[in-house]
Amino acid sequence: MPAERSLSERVAAGEARAVARLISGLEDGEPRAVAALRSLHRATGKAHIVGITGPPGSGKSTLTDKLIRHLRGTGARVGVIAVDPSSPFSGGAILGDRLRMQDHATDPGVFIRSLASRGKLGGLSRATAAAARVLDAAGYDWVIIETVGVGQSEVDIVRIADTVVLVSVPGLGDDIQVIKAGIMEIGDIFVVNKADREGADRVVREIKGMLETAAALSMSQPAALLSQGGHHGASALTGTGAFGSTAMALDETGHPILPPIIKTVAATGEGVAELAAAIAAHRSNLATSGGLEARRLEGAVTEMRGLIAYRLLDELEGPKGRELEARLARAVVDKEYDAYEAADILFAALTQGGRA
Ligand SMILES: Nc1nc2c(ncn2[C@@H]2O[C@H](COP(=O)(O)OP(=O)(O)O)[C@@H](O)[C@H]2O)c(=O)[nH]1
Ligand SMILES: [Mg+2]
């Protein structure tokens, strides 16, 4: 009788049930699941990870559904992670996503998984990164991460993507809600969805204006851009900064090449072929410019930082961490220590192997 194959072996063989089980285990932080993911590390790095982010209701799931169709048409296998931090239970938007994507339920070349908020700060971006690695190891050629783009935590989620698509729509009011400081910089491709509605061209012009302003700024103050984290952040550590960014790439005449802005009607599929082409172009640009490696270095930094933060929180929330924390809080209030000193003591206790 052949020995029972391990979970990681089954994932590497592309078994959907094993993939689902491993992702659940990782979401729950099971040590066995973490061990399985670690043993799969060498099998990762082949998939192209696409982050799709934008306000709720902007059509991300509809767009994802159409992209899946398009990519399946090329014979590629597609994994999707739908992240909804606002939904602690798998209802609401995620249920809608499932309905929209159920066409693919019987297609063995498509794997769709929803992740909702669970537990601690940072847990969701860690779970998303882990799930993306699992799908990569399982041989999915494309991994799409759909996430609501409203704040820093969502930005962190898409940081691991190789190509980030920012979706906006007409009719959100005067501000283009998704194009805010800290979010705009991460966009490689801009989509104005619901182009069947009035105002789409105006949104395109507004995005173009903002991109041109950002590009002009980067030409005159490259250092300022670097200190903002350039494209994907973490430049201080990797020194990559804007390197590899579509937004900051220059054409032969030295002018910055702006990221593409594409109008789509996800509901009908209009513009989806252009979007897919833009994603493919970005993918091959990254491969030839060295940008992919720069980005993966940044991704590794982001992932390690997340793991460290998570580990510290884990220690802090253990019984001993909580006890020491409470004692130190008392000492700060009683003016025995200031908060800096107390933090030093706590940090030392947490990081010196011995638990606090
Ligand atoms: N008019 C119009 N409606 C769309 C378009 N794309 C999506 N929708 C609708 O917008 C709503 C929200 O779409 P959904 O994909 O769930 O958005 P998400 O929250 O960003 O994932 C659904 O009712 C879609 O049918 C579009 O291009 N035009
Ligand atoms: Mg959705």
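**View 1. Strand E6 and strand E7 pair in the parallel sense.** This is a predicted model. Three bridges link E6 to E7, which spans residues 261–263. Across this pairing, Phe190 stands opposite Ile261 in E7.

**View 2. Strand E5 also pairs with E6 in the parallel sense.** E5 runs over residues 163–168. Four bridges join E5 and E6. Here Leu166 is the residue opposite Phe190 in E6. Phe190 thus appears in both views: it faces Leu166 in this one and Ile261 of E7 in the other.

**View 3. The side chains of E6 point two ways.** The strand covers residues 189–192. Ile189 and Val191 point one way, and Phe190 and Val192 point the other way. All four are buried. In a regular strand, side chains alternate between the two faces of the sheet.

**View 4. Glu198 sits in the loop between E6 and helix H8.** Helix H8 comprises residues 200–220. Glu198 counts as exposed because 10 other C-beta atoms lie within 10 Å, and the cut-off for exposed is 12 or fewer. Gly171 is 27 residues away from Glu198 along the chain. In space, 7.8 Å separates the C-alpha atoms of Glu198 and Gly171.

**View 5. Ligand 1 is surrounded by 17 residues.** Gly59, Lys60, Ser61, Thr62 and Ala266 are the closest. Two elements give two or more residues to this shell: helix H4 (60–73) and helix H5 (92–101). H4 supplies the largest share, three residues. Sorted by class, the shell holds eight polar, five nonpolar and four charged residues.

**View 6. Helix H3 has a buried side and an exposed side.** H3 spans residues 31–39. Ala33, Ala36 and Leu37 are its buried residues in this view. They lie on the same side of H3 because they cover an arc of only 100° around the axis. An α-helix has 3.6 residues a turn, so residues three or four places apart point the same way. Pro31, Arg32 and Arg38 are on the other side of H3, and these are exposed.

**View 7. Other helices cover the buried residues of H3.** Helix H1 (7–12) is one of the covering elements. Helix H2 (16–27) and helix H6 (123–137) are also among them. The residues they help to cover include Ala33, Ala36 and Leu37.

Definitions and conventions: Residues numbered from 1 in each chain as written. Chains lettered and ligands numbered in written order. Predicted model: local features only at pLDDT ≥ 70, side-chain atom pairs only at ≥ 80, totals over all residues. Buried ≥ 20, exposed ≤ 12 C-beta atoms within 10 Å, placed from the backbone. Pairing = 2+ DSSP bridges. Near = placed C-beta within 6 Å. Nonpolar A, V, L, I, M, F, W, Y, C, P; charged D, E, K, R; others polar. Arc of directions from axis to C-beta. Contact = placed C-beta atoms within 7 Å.
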